[in-house]
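Okay, thanks everyone for coming. I'll put the structure up and then talk you through a few parts of it.

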Amino acid sequence: MKVLVCASEYYPYGSGIANVAYRVVEQLKSMDIDCSVCSPTGPDIKLGSSKLIRKLGIVGLIYYWYKVTSHFKNNDYDIAWLHNPFILKKNPFGSSLITLNSTYYGKSAQKLHPLHYNLFVSRIEKYCLNKVSSHTIFTAVGYSVLDEMRDSGVTHKIIYIPNGVDTSVFKPAFNKKILRNKFGFPAENIILLSVGRLIKLKQPLKLIQTFERLKSNIKNVTLVVAGDGELLEPLKKYVYTNNIKDVIFLGHIKENLPDLYSCSDFYITASRYEGGGPTLAVAEAMSSGLPCIVSDIPNLRFIADINAGIVLDFNNIEDSANSIADLLLSDSEYYSNNARKFAEKFLNWKAIGTEYQKNFKILVDSNGL
């Protein structure tokens with residue numbers, strides 16, 4: 001089976017789409033499936049422009065997918081795996097599997113900033129998703145994305161396949177203190193870890209404000225924020241101006257990420273919208289045995305369902321801080337064990353790769369190849 005993978009970003013460049021595509025491709029290769037990857041940065045075929053996507057958004061995305069459809073008019077691939085495609089003309093691939101990591105329809109429905117832009121792009125998105133060939137299967141990385149696709153009018157078969165995690169790399173630590181020494185973290189403090197881009201969508205200011213309130217109840221707690229973005233400097237200024245103790249900003253971090261999770265005690269996110277359920281960061285945290293403190297959004301509510309942490313409304317800072325304090329002062333081993341077991345059973349990349357392989361085979365068989 002020859003599979004062409006088309007994504008607007010690919011590891012080591014990018015984040016969500018880049019990591020998911022890379023991890024699944026590595027699993028497919030281990031199954032002796034021939035994969036070629038096409039993205040603005042390769043590694044096999046380079047089309048489009050990452051710079052254009054970063055600067056102009058939808059214009060850069062449409063340009064990338066225009067180059068894809070032009071380049072592969074005549075191709076001998078059995079399957080094309082397309083990530084969040086914006087194909088305005090005819091899809092040149094006989095059989096396609098389309099994976100949606102998030103939708104602009106969902107962002108516009110949630111009235112996320114920039115609202116007019118998201119609304120405009122969601123209309124283009126709907127047009128593109130509803131004009132693909134009949135030999136297409138859709139997958140969604142979160143149930144909220146699946147619902148958004150259906151609400152936007154996508155009539156094709158949609159399958160839920162979550163983000164995965166390397167459970168052999170992201171795992172609980174036997175000695176947190178040794179790892180904390182490497183990062184310079186307080187050895188005896190409770191460490192709350194947040195990983196992700198510092199943008200309005202993630203609500204990092206509400207996270208900081210909740211932590212500020214938490215500190216009035218619990219002194220020996222540290223918030224570690226890993227990630228960069230437009231709000232990094234304003235957040236640093238807020239912490240300094242308000243004299244909030246025990247907040248550590250690490251900026252963007254990659255190499256020591258597994259150790260960062262392992263030496264922490266809890267994972268926390270106040271995001272108001274996520275595509276994946278779980279997100280990559282939540283999956284990595286669960287695999288590392290961290291109880292998760294997550295915002296009350298549809299695709300993260302499962303954390304409470306499987307007793308792997310708590311779900312909060314971060315708009316209510318006082319109640320959120322009190323609930324976190326109760327969790328920190330309780331025996332959290334139960335949540336930790338449940339998080340790790342769930343990741344091992346449902347989120348390991350081998351299982352995720354197998355699910356994609358099964359659906360590739362369904363498409364190939366249905367097309368008579």
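I'll go through the sheets, a helix pair, some backbone oddities and a pocket.

One caveat before anything else: this is a predicted model, so please listen with that in mind.

Let's start with the sheet nearer the beginning of the numbering. Seven strands make up an open sheet here, and the order is 3-2-1-4-5-6-7, with parallel pairing. Strand 3 and strand 7, residues 158–160, sit at the edges, each pairing on one side only. If you want one pair to look at, take strand 4, residues 79–83, and strand 5, residues 96–100: they run parallel and four bridges join them. In that pair, His-83 stands opposite Thr-99 of strand 5. Then there's helix 1, which lies across strand 1, strand 2 and strand 4. Its direction is at about 155 degrees to strand 4.

Now the other sheet. This one is open too, with six strands in the order 10-9-8-11-12-13, and the pairing is again parallel. Which strands are at the edges? Those are strand 10, at 247–251, and strand 13, at 309–312, and each of them pairs on one side only. On average, neighbouring strands in this sheet are turned by 20 degrees against each other, ignoring direction. Zoom in on strand 8, residues 190–195, and strand 11, residues 266–268, and you'll find a parallel pairing over two bridges. Leu-192 has Phe-266 of strand 11 as its bridge partner. Packed on the sheet is helix 13, residues 317–328, which touches strand 8, strand 9, strand 11, strand 12 and strand 13. Helix 13 makes about 175 degrees with the direction of strand 13.

Okay, back to helix 1, residues 16–30, as it also packs with helix 15, residues 349–366. The angle is about 80 degrees and the axes are 9 Å apart, so helix 1 and helix 15 are roughly perpendicular to each other. On the helix 1 side, the contact uses Val-20, Arg-23, Val-24, Gln-27 and Leu-28. Helix 15 brings several residues, including Trp-349, Ile-352, Tyr-356 and Phe-360. By class, this contact counts seven nonpolar, three polar and two charged residues.

Next, the backbone oddities. Most peptide bonds are trans, and most residues other than glycine have a negative phi. Here, though, the bond from Tyr-11 to Pro-12 is cis, with omega near 10 degrees. Pro-12 is in the loop between strand 1 and helix 1. Gly-42 to Pro-43 is cis as well, with omega near 15 degrees, and Pro-43 belongs to the loop between strand 2 and strand 3. And where is Gln-203? You'll find Gln-203 in the loop between strand 8 and helix 8, and its phi is positive, near 50 degrees.

Last stop, the second largest pocket. How much space lies in there? About 260 Å³. It is lined by 17 residues, and the closest to its centre are Tyr-143, Tyr-160, Gly-277, Phe-302 and Phe-342. Helix 6, at 143–151, and helix 14, at 333–346, each give at least two residues to the lining. As for the character of that lining, it divides into eleven nonpolar, four polar and two charged residues.

That's my tour, so let's go to questions.

Definitions and conventions
Residues numbered from 1 in each chain as written. Predicted model: local features only at pLDDT ≥ 70, side-chain atom pairs only at ≥ 80, totals over all residues. Heavy atoms only, no water. 1 Å grid on protein atoms, 1.4 Å probe; cavity = no way out; pocket = protein on both sides within 12 Å on 5 of 7 lines; lining within 4 Å. Points joined across faces, edges and corners; volume = space filled by probe spheres on them. Nonpolar A, V, L, I, M, F, W, Y, C, P; charged D, E, K, R; others polar. Axes fitted to C-alpha atoms, helices over the stretch in contact; angles between N-to-C directions. Parallel < 35°, antiparallel > 145°, perpendicular 65-115°, else oblique. Contact = heavy atoms within 4.5 Å. Pairing = 2+ DSSP bridges.
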